[in-house]
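Colleague: I would like to go through the strand pairing and the chain contacts. Could you put the model up?

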Amino acid sequence: MGELLTPSQTVGPYFSMRLPWDQGPYVVPAGTPGAITIIGRLLDGAGDPIPDGLIETWQASPEGRFAHPDDPRGPVPDGDKAFRGFGRAPTGHDGSFKIVTLKPGALPAGDGQVEAPHIDVSVFSRGMLDRSVTRIYFPDEPEANAADPVLAQVPDERLVTLIAVPAGDGLLRFDIHMQGPAETVFFDL
Amino acid sequence: MTVSQHRLVMPHAPGELILPTYAKPEPGNHPPLDFPPYKSTGLRHPTKALVLLPHRLTEVTGPLLGDDLITMQDADLTTGHAGEPQGQRIIVFGQVRDSGGKPVPDTLIEIWQTNAAGRYRHSREHHPAPLDPNFDGVGRAITDQGGRYRFITIQPGSYPWGNHYNAWRPAHIHFSLFGRAFTQRLVTQMYFPGDPLLPLDPIYNSVPDEKARQRMIAAFSIEDTQPEWALAYRFDIVLRGREASIFEDEGHDH
């Protein structure tokens with residue numbers, strides 16, 4: 001392969017304040033029928049909030065489709081604007097973040113397997129020289145989660161860190177622990 | 001380069017999902033997440049083994065952001081205010097490619113930087129240097145069909161930080177790129193040639209490989225410098241590319 005990559009560097013302390021855009025946390029507008037709100041906190045190894053973090057999410061539509069030319073299943077019926085699929089949320093002074101979205105559909109994984117509904121997450125902050133990548137899975141999908149080929153590679157005792165927790169009507173909690181006994185599972189992408 | 005033997009010999013069933021895999025970085029290309037000279041990494045890096053995430057549909061796609069988010073003016077950080085910002089006007093331009101050498105078109109680039117005095121426009125910033133009412137320090141651009149981009153801005157300053165005694169960051173411009181797939185997401189910093197602070201900076205030096213570090217230093221270009229107006233720096237950015245597959249070699253479109 002030809003060229004060598006440009007290295008990663010930290011976003012530094014000011015990214016989360018300067019680059020969020022108005023609709024960042026709203027993958028779909030508030031009040032969209034069926035919308036779910038994912039809330040959580042980003043915490044460091046001392047259990048303290050990370051107040052200068054940035055959370056980005058990327059996911060399929062509820063139908064399990066991507067408005068993207070590299071989805072080999074072909075174009076999405078409603079075109080590129082049907083579902084943006086991307087969310088960006090800065091963390092607050094208490095490390096909290098919020099993403100309003102629709103629950104994604106399951107996805108074919110190839111080899112006849114099926115990936116359970118999931119959201120890919122990138123975590124950035126000062127003190128992180130590269131992003132950390134994790135996934136949000138859903139608590140109302142026990143059978144799909146049990147058959148998911150990615151979760152199958154995760155040690156049983158750590159699975160709980162990848163599954164959001166019901167937190168009320170239309171509300172899910174997904175805390176991200178960078179370290180500690182409840183350290184979230186992060187992925188080598 | 002990885003060519004799957006399985007793919008070479010097995011015909012594909014109709015409807016079978018054929019997905020690209022994005023090449024892994026070379027060892028030493030990216031910084032370790034735990035780098036004690038940069039103290040803030042201490043409590044903010046994962047300590048447990050990472051779990052391998054194969055590249056499937058969510059990873060080989062990614063947000064295609066842009067046209068509805070930005071205007072042409074977003075690439076010129078020196079306009080949009082009552083007056084012009086203080087400092088040396090510069091042009092920062094380059095090409096975004098993948099590791100296969102292909103240009104990456106239509107991808108969002110976001111930049112942010114200090115003003116000429118080394119100060120960010122931010123409420124938590126305590127560096128006793130002046131703010132510039134004519135400079136926000138944030139820009140956006142979309143690469144063209146050749147993967148090219150161009151910003152007009154001012155030379156950022158150096159600033160002190162609390163990592164260690166007498167710590168100063170070399171002048172830099174932060175870059176954030178999406179590429180075309182979740183695997184290609186990159187946040188980096190562009191540095192300036194000849195900066196005496198580079199050998200002293202733990203963030204720059206967190207990249208283990210010296211040649212990789214140097215890929216973060218822009219090249220001054222007299223050819224692209226505009227007479228009587230602005231110095232020019234070229235900063236090409238290389239994102240992860242697809243590993244070659246037999247189907248791409250044969251020209252199959254998938």
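Modeller: Here are some short questions and answers on this predicted model.

Colleague: In which sense do β1(A) and β4(A) pair, parallel or antiparallel?
Modeller: Take β1, residues 36-43, and β4, residues 96-101, both of chain A. Six bridges link these two strands. In this pair, Gly40(A) faces Phe97(A). The sense is antiparallel.

Colleague: Which residue of β10(A) stands opposite Ile38(A)?
Modeller: β10 of chain A covers residues 171-173. Three bridges hold it to β1(A), in the parallel sense. Opposite Ile38(A) stands Leu172(A).

Colleague: How many bridges join β1(A) and β11(A)?
Modeller: β11 of chain A spans residues 176-177. Its Ile176(A) lies opposite Leu42(A). The pairing with β1(A) is parallel, and the number of bridges is two.

Colleague: Now chain B. Which strands are the edges of the open sheet of four strands?
Modeller: The order is β4-β3-β8-β9 in chain B, with antiparallel pairing. An edge strand here pairs on one side only. The twist from one strand to the next averages 20 degrees. The edges are β4 (138-142) and β9 (186-191) of chain B.

Colleague: Which residue of β4(B) stands opposite Trp112(B)?
Modeller: Start from β3 of chain B, residues 108-112. It runs antiparallel to β4(B), and five bridges join the two. Opposite Trp112(B) is Val138(B).

Colleague: Next, the contact between chains. Which element supplies the largest share of the side of chain A that touches chain B?
Modeller: The contact involves 62 residues of chain A and 70 residues of chain B. Several elements of chain A each give at least two residues to that side, including α1 (15-18), β2 (53-59) and β8 (132-137). The largest share is five residues, and it comes from β7(A).

Colleague: How many residues on the side of chain A that touches chain B are nonpolar?
Modeller: Split that side by residue class. The charged residues number 12. The polar ones number 18. The nonpolar count is 32.

Colleague: Which residue of β1(B) is the bridge partner of Asp188(A)?
Modeller: β12 of chain A, residues 187-188, supplies at least two residues of the side that touches chain B. Two bridges join β12(A) to β1 of chain B, residues 51-52. These two strands run parallel. The bridge partner of Asp188(A) is Leu52(B).

Definitions and conventions. Residues numbered from 1 in each chain as written. Chains lettered and ligands numbered in written order. Predicted model: local features only at pLDDT ≥ 70, side-chain atom pairs only at ≥ 80, totals over all residues. Pairing = 2+ DSSP bridges. Axes fitted to C-alpha atoms, helices over the stretch in contact; angles between N-to-C directions. Contact = placed C-beta atoms within 7 Å. Nonpolar A, V, L, I, M, F, W, Y, C, P; charged D, E, K, R; others polar.
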